[in-house]
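Reader: Got a minute to walk me through this one? I'd like to get my bearings before I set anything up.

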Amino acid sequence: MAPLPPPVAAVRLAVRRALARLPRPAGPVLVACSGGADSLALAAATAFVAPRLGLRAGLVTVDHGLQAGSAERATEVVEWAAKLGLTPAEVATVVVAGRAGGPEAAARAARYEALLAAARRHEAAAVLLGHTRDDQAETVLLALARGGGPRGLAGMPSLRELDGVRLLRPLLDVSRDETRQACAAIGLTPWEDPHNADPSYARARVRSTGLPALVEALGPDVVDNLARTARLVAADTAALDSLARAALDAARAPAGGLRVEALAALLPAVRTRVLHAWAGELGAPAAAFSSRHVAALDALITDWHGQGAVHLPAGILVARRDGRLTRSP
Ligand SMILES: Nc1ncnc2c1ncn2[C@@H]1O[C@H](COP(=O)(O)OP(=O)(O)OP(=O)(O)O)[C@@H](O)[C@H]1O
């Protein structure tokens with residue numbers, strides 16, 4: 001028997017590690033496959049590994065309907081998947097037009113909606129996404145450049161729950177080169193998403209020029225090191241988040257709101273997280289809640305001079321009264 005090409009082995013091992021963590025008994029795992037090299041290699045590896053772990057595996061490809069030939073591409077992907085034994089193997093067609101945000105964000109929102117719906121319909125144990133180590137490095141670099149703070153620097157988690165659906169990213173330790181080589185080794189021709197090379201997208205510019213420039217200046221370890229930074233920061237962030245959850249509960253006042261005395265005793269890194277979480281409970285949308293809002297709330301605690309209520313997004317007002325932060329009517 002011919003030896004297994006190392007990139008194929010690397011992708012299979014990564015998938016095996018991720019699937020082995022799933023609690024049992026488990027429903028099918030669904031690979032989210034665009035037809036690109038990363039998710040194609042992921043689907044092929046999952047079709048091999050899942051049955052050996054006693055799991056069923058299927059595939060969903062989303063047709064955004066944004067490019068000529070997208071429906072044909074989607075059909076090709078599911079036909080290939082069905083031959084590989086992936087069940088279900090289905091196309092989810094979505095309508096991107098008319099959604100909020102830019103075209104990239106709208107397509108992404110539509111895609112995730114469709115993937116979550118498919119996961120619920122099939123009672124899937126997890127949806128598998130094909131993000132690689134290179135995607136992680138790009139994410140960290142973008143977050144760094146945009147001042148994203150620790151949450152941004154933590155990058156994409158390998159496991160996360162979104163609206164009750166488990167999302168797994170088994171390939172975060174596998175390079176994009178390896179997924180391409182794995183596809184080539186098993187005779188697959190990946191689809192090249194034209195958006196990935198479109199310089200009007202910041203991520204495409206990071207991919208085509210930003211990261212290669214850093215690699216040229218600092219050496220090839222940059223990609224690995226950026227991805228490792230994400231892992232380290234994610235661990236610290238998770239620890240701080242857990243301290244903040246406990247601190248939020250401990251600061252709750254019986255009459256409602258949060259006790260200023262308890263908040264003032266917290267470390268600033270924990271306090272800002274408590275304020276973030278509490279503002280979320282009050283209904284402030286996370287995307288609109290900025291560091292300016294946190295600073296204003298923090299000033300009610302640490303720089304109190306009788307100032308007025310703080311305005312948060314969604315028309316929420318928070319004031320300090322009788323030693324408590326409370327929502328004003
Ligand atoms: N059309 C699609 N159908 C199914 N899955 C897809 C599709 N496009 C992307 N995905 C999934 O998402 C992964 C990441 O793709 P890509 O990097 O293009 O998207 P992204 O917008 O960066 O994703 P995210 O928003 O999750 O960061 C792919 O490896 C694949 O698992």
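Reader: How many bridges join strand 2 to strand 3?
Author: There are 5 bridges between strand 2 (residues 57-63) and strand 3 (residues 89-93), and the two run parallel. Keep in mind that this is a predicted model.

Reader: Ok. Which residue is the bridge partner of Val62 in strand 3?
Author: That's Ala92. To get across from strand 2 to strand 3, the chain goes through helix 3 (residues 70-83), and this β-α-β crossover is right-handed.

Reader: And strand 2, what does strand 1 do with it, parallel or antiparallel?
Author: Parallel again: strand 1 (residues 29-32) pairs with strand 2 over 4 bridges. One spot to look at is Leu30, which stands opposite Gly58 in strand 2. Strand 1, helix 2 and strand 2 also make a β-α-β unit, and that one is right-handed.

Reader: Why call strand 2 largely enclosed by the rest of the structure?
Author: Because 6 of its 7 residues are buried, strand 2 is largely enclosed by the rest of the structure.

Reader: Switching to the ligand. Which residues come nearest?
Author: Ala32, Ser34, Ser39, Val62 and Gly130 come nearest, out of 13 residues around the ligand. You've met Val62 already, as the bridge partner of Ala92.

Reader: Which elements supply at least two residues of that shell each?
Author: Three of them do: helix 2 (37-52), strand 2 and helix 4 (103-121).

Reader: I'm thinking about charges here. How many nonpolar, polar and charged residues does the shell have?
Author: By class, the shell around the ligand has 4 nonpolar, 5 polar and 4 charged residues.

Reader: Cool. What does UniProt place at residues 29-208?
Author: An unreviewed entry there lists the feature "domain: tRNA(Ile)-lysidine/2-thiocytidine synthase N-terminal". The span is 47% helix and 15% strand, and its end C-alpha atoms lie 32 Å apart.

Reader: Zooming out, how is the protein divided into domains?
Author: Domain 1 takes 6-225 and domain 2 takes 252-328. Their C-alpha centres lie 38 Å apart.

Reader: Second half, then. What order do the 4 strands of the open sheet come in?
Author: The order is 7-10-9-8, with antiparallel pairing. Strand 7 (258-259) and strand 8 (310-312) are the edge strands, each pairing on one side only.

Reader: How many bridges does strand 8 have to strand 9?
Author: 3 bridges, and strand 9 (residues 316-321) runs antiparallel to strand 8. Val310, for instance, stands opposite Val318 in strand 9.

Reader: Which UniProt annotation covers residues 258-325?
Author: It's "domain: tRNA(Ile)-lysidine synthase substrate-binding", from an unreviewed entry. The end C-alpha atoms of residues 258-325 lie 5 Å apart, and the span is 47% helix and 19% strand.

Reader: Last bit, for my box setup. What do the C-alpha atoms fill along the principal axes?
Author: A box of roughly 75 × 50 × 40 Å. Inside that you have 12 helices and 10 strands, and buried residues make up 35% of the 329 residues in the protein.

Technical notes. Residues numbered from 1 in each chain as written. Predicted model: local features only at pLDDT ≥ 70, side-chain atom pairs only at ≥ 80, totals over all residues. Pairing = 2+ DSSP bridges. Right-handed = clockwise from strand over helix to strand, strands pointing away. Near = placed C-beta within 6 Å. Nonpolar A, V, L, I, M, F, W, Y, C, P; charged D, E, K, R; others polar. UniProt positions renumbered as here; feature names shortened; annotations may be inferred. Buried ≥ 20, exposed ≤ 12 C-beta atoms within 10 Å, placed from the backbone. Domains from an automatic or database assignment.
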